[in-house]
Amino acid sequence: MAKKELFILSDSILSKFEESINFKFTNHKLLKEALTHRSYANEIKKNIKYNERLEFLGDSILNFIITDYLYKSFPDINEGTLAKMRCSLVSSDALAGIADNLKLGQYLQLGSGENDTGGRTKKSLLENTLEALIGAMYLDSGITKTKIFLIAIFYEMLEKVKNDTYYKDSKTIFQEIIQKSYKIVPEYKILNEEINYNKHLFTVAVFVGENKYAEGEGNSKKEAERMAASNALEIIDSN
């Protein structure tokens, strides 16, 4: 039985891939490296580059861009919630899903063993290839163009995160509820401010119209406001 020929990335195939993802590389060698798996390099026994180093770089670039986007898009959300948002966006399943949407599996240079065992659809392999592609984009075109590409391919997930109340700050959720019910915006007022050993403790109340809805304490005004809103949401849930 004749040995099955390996899939090889030609310049025309690379150009077709660039067109499909709407990103033009200056250096096709970087793109080919990003789409080359270790198994392919091992099988042809030639000194060619494969994508593991680019994957290492791309992982950091991806996390930086997503973190920067979330930090700037959600100025009132605390770091714990931002971290949860980022984890959901860069999870293995999320990245594999995006890689599948980009049809990365079709363009991979794989060894015959990896290819025959379903390597083109393996979640871990697709995730790693996407990260390698991001690393290659960064080296080829810089951070700004890479960010534009990533925000575009993550657009639907980013919109879902924006609209998911699980990730919203308690102040935002409470305001949406009050605006919907009463057509007014809650107001926050400082009731007390103490300084002990150079540490501030604020007590803040949230008002709906003339009615005090709940109080909250924190080491900053914003933290106290969030606690007041969180306590207000608990009151709503208990009714």
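Helix H6, residues 92-101, buries Ala94, Leu95, Ala96, Ile98 and Ala99. This is a predicted model, and the briefing below walks you from that helix to its crossing with H8, then on to an open sheet of three strands and the helices H11 and H12 that pack on it.

**Helix H6 and its surroundings**

- The buried residues of H6 have plenty of company: they pack against H4, H5 (79-89), H8, H9 (143-153) and H10 (155-163).
- Just past the end of H6, have a look at Lys103, which adopts a positive phi of about 60°.
- With H8, the axis of H6 comes within 8 Å, and the two cross at roughly 75°. That angle makes H6 roughly perpendicular to H8.
- On the H6 side of this crossing you will find Ser92, Asp93, Leu95, Ala96, Ile98 and Ala99, which meet Lys123, Leu126, Glu127, Leu130 and Glu131 of H8.
- Sorted by class, the H6 and H8 contact contains six nonpolar, one polar and four charged residues.

**Helix H4 against helix H8**

- H8 (residues 123-141) also packs with H4 (residues 52-73), here at an angle of about 80° and with the axes 6 Å apart. H4 is therefore roughly perpendicular to H8.
- H4 brings Leu54, Glu55, Leu57, Gly58, Asp59, Ile61 and Leu62 to the contact, while H8 offers Asn128, Glu131, Ala132, Ile134, Gly135, Ala136, Tyr138 and Leu139.
- Nine of the residues in the contact of H4 with H8 are nonpolar, three are polar and three are charged.
- Glu131 of H8 is worth a click, as this residue appears in the contact with H4 and also in the one with H6.

**The three-stranded sheet**

- The strands of this open sheet follow the order S1-S2-S3 and pair in antiparallel fashion.
- S1 (187-196) and S3 (211-218) are the edge strands, each with a single partner strand, so one side of each has no neighbour in the sheet.
- On average, and ignoring direction, neighbouring strands are turned by 20° against each other.
- S2 (residues 199-208) and S3 run antiparallel and are joined by seven bridges. Val206 stands opposite Ala214 in S3.

**Helices on the sheet**

- H11 (residues 170-182) packs on the sheet and touches S1, S2 and S3, with a direction about 20° from that of S2.
- H12 (residues 221-238) lies across S1, S2 and S3 too, running at about 130° to S3.
- H12 counts 18 residues and spans 26 Å between its first and last C-alpha, close to the 26 Å expected at 1.5 Å a residue.
- Its buried residues are Ala224, Glu225, Ala228, Ala229, Ala232 and Leu233. The buried residues of H12 pack against H11, S1, S2 and S3.

**A closer look at Ala228**

- Ala228 sits in helix H12 and counts as buried because its relative accessibility is 0%.
- Leaving aside residues up to four places away in sequence, Ala228 touches Tyr188, Val204, Val206, Ala214, Glu215 and Gly216. Val206 and Ala214, in that list, are the residues that stand opposite each other in the sheet.
- Ser170 is 58 residues from Ala228 along the chain, and their C-alpha atoms are separated by 8.8 Å.

How values were computed
Residues are numbered from 1 along each chain as its sequence is written. This is a predicted model: local features need pLDDT of at least 70, side-chain atom pairs count only at pLDDT 80 or more; totals for chains, interfaces and linings use all residues. Side-chain values use heavy atoms; hydrogens and water are left out. Axes are lines fitted to C-alpha atoms, for helices over the stretch in contact, and angles run from 0 to 180 degrees between N-to-C directions. Helices (H or I, at least four residues) and strands (E, at least two) are DSSP runs, numbered from the N terminus. Angles under 35 degrees count as roughly parallel, over 145 as roughly antiparallel, 65 to 115 as roughly perpendicular and the rest as oblique. Contact means heavy atoms within 4.5 Å. Ala, Val, Leu, Ile, Met, Phe, Trp, Tyr, Cys and Pro count as nonpolar, Asp, Glu, Lys and Arg as charged, and the others, Gly among them, as polar. Two strands pair if DSSP finds at least two bridges between them. Buried means under 20% relative accessible area, exposed over 50%, partly exposed in between (1.4 Å probe, protein chains only). The expected span of a helix is 1.5 Å times one less than its number of residues.
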